[in-house]
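Please explain how this protein is put together, moving from single residues in its loops and helices to the packing of its interior. A reading in connected paragraphs would be most useful.

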Amino acid sequence: MDGKLWFPAGVPASQATLRELLECNAITHRYGLALTAADAQALAETHAAALKASGRVDFTGDLLKKLIVAFCDSPWLDRHNYVETLHALTETFYYFKNETLDALGDDELIACMKDFFDGSCRGAIDLLQHRELEQLAHDIRFFGRPSAENAEDPDETEDYHD
């Protein structure tokens, strides 16, 4: 064998990629979360399938690690839903990367996903996908990229009834 694992999608995952995912266990262990070798391989397969389905290319190869590090401290994750949630987050990321027209960088989109997941979604992937991120994508498509200048802060609105 040439040092690569071949997945049904025809996309190879290197041993280094799988090792990097397993090395994340050093970070996630304190939250009671860990990946097995089989989990890492399955996540790499999901990643490859999500890339193919979204028509995207990942040049850095670090999305899974970023998702793991960003979400591992979520109060809504435990050892029972951790791997399943990572699969869903991977698919969700690439879908909404397209739906938001690349207006958000990878880290920005991950931060939005995490804020919604931990906050208003209370750990519900369906709410993340079908309510919060759909609304974000809609707003970006119709109103443009969110910015500090465009954000409406209720504390800073002027009262014209003086």
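R122 counts as exposed because its relative accessibility is 57%, and in this predicted model the residue lies in the loop between α6 and α7. Its backbone deserves a look as well, since R122 is a residue other than glycine and yet has a positive phi, near 50°. A comparable description can be given for L101, which is placed in the loop between α5 and α6 and has a positive phi of about 60° although it is not a glycine. L101 is likewise exposed, with a relative accessible area of 53%.

These loops belong to a chain whose elements, read along the sequence, follow the pattern β-β-α-α-α-α-α-α-α, with 7 helices and 2 strands in the protein. Of its 162 residues, 35% count as buried. Among the contacts between residues at least 6 apart in sequence, 61% join residues at least 24 apart.

Helix α3 offers a contrast between two residues. A53 is found in this helix and counts as exposed, because its relative accessibility is 72%, whereas S54, which lies in the same helix, α3 (residues 37–54), counts as buried because its relative accessibility is 16%. The cut-off that matters here is that buried means under 20% relative accessible area and exposed means over 50%. Both residues can be related to positions further along the chain: the C-alpha atoms of A53 and E91 are separated by 9.0 Å, although the two residues are 38 residues apart along the chain, and S54 touches Y94 and N98 when residues up to four places away in sequence are not counted.

What, then, makes up the nonpolar interior? In soluble globular proteins, nonpolar side chains tend to be buried together. Here the largest nonpolar core has 37 residues, and those with the most contacts inside it are L35, F71 and Y82. Helices α1 (15–23), α3, α4, α5 (82–99), α6 and α7 (125–143) each supply at least two residues of this core, and the largest share, 8 residues, comes from α5.

F71 is a useful point from which to follow this packing. Leaving aside residues up to four places away in sequence, F71 touches L77, L89, I110, M113, K114 and F117. The last of these contacts leads to the aromatic rings, for a search of the whole structure finds 3 aromatic pairs. One of them is formed by F71 and F117, an edge-to-face pair with 5.5 Å from centre to centre and 75° between the planes. Because F71 lies in helix α4 (residues 63–71) and F117 in helix α6 (residues 106–118), the pair ties together parts that are 46 residues apart in sequence. F71 is buried, and F117 is buried too.

Another pair is made by F93 and Y94, whose ring centres are 5.0 Å apart and whose planes stand at 85°, so this pair is edge-to-face. Both F93 and Y94 are buried. F93 lies in helix α5, and F93 counts as buried because its relative accessibility is 1%. Not counting residues up to four places away in sequence, F93 touches L63, D106, L109, I110 and M113. For one of these partners, L63, the backbone separation is also available: the C-alpha atoms of F93 and L63 are 9.1 Å apart, with their positions 30 residues apart along the chain.

Where does the model leave enclosed empty space? Rolling a probe the size of a water molecule over the atoms shows where empty space is left. A search of the whole structure finds 1 cavity of 30 Å³ or more, and the largest cavity has a volume of about 40 Å³. Its lining consists of D58, T60, D62, L63, K66, Y94 and D106, and this list brings back residues from the preceding paragraphs, since L63 and D106 are touched by F93 and Y94 is touched by S54. By class, the lining has 2 nonpolar, 1 polar and 4 charged residues.

Methods. Residues numbered from 1 in each chain as written. Predicted model: local features only at pLDDT ≥ 70, side-chain atom pairs only at ≥ 80, totals over all residues. Heavy atoms only, no water. 1 Å grid on protein atoms, 1.4 Å probe; cavity = no way out; pocket = protein on both sides within 12 Å on 5 of 7 lines; lining within 4 Å. Points joined across faces, edges and corners; volume = space filled by probe spheres on them. Nonpolar A, V, L, I, M, F, W, Y, C, P; charged D, E, K, R; others polar. Phe/Tyr/Trp six-rings, centres within 6.5 Å; stacked < 30°, edge-to-face > 60°. Helix = DSSP H or I, 4+ residues; strand = E, 2+ residues; numbered from the N terminus. Buried < 20%, exposed > 50% of the residue type's maximum accessible area, 1.4 Å probe, protein only. Contact = heavy atoms within 4.5 Å. Core = buried A, V, L, I, M, F, W, Y, C linked by side-chain atoms within 4.5 Å.
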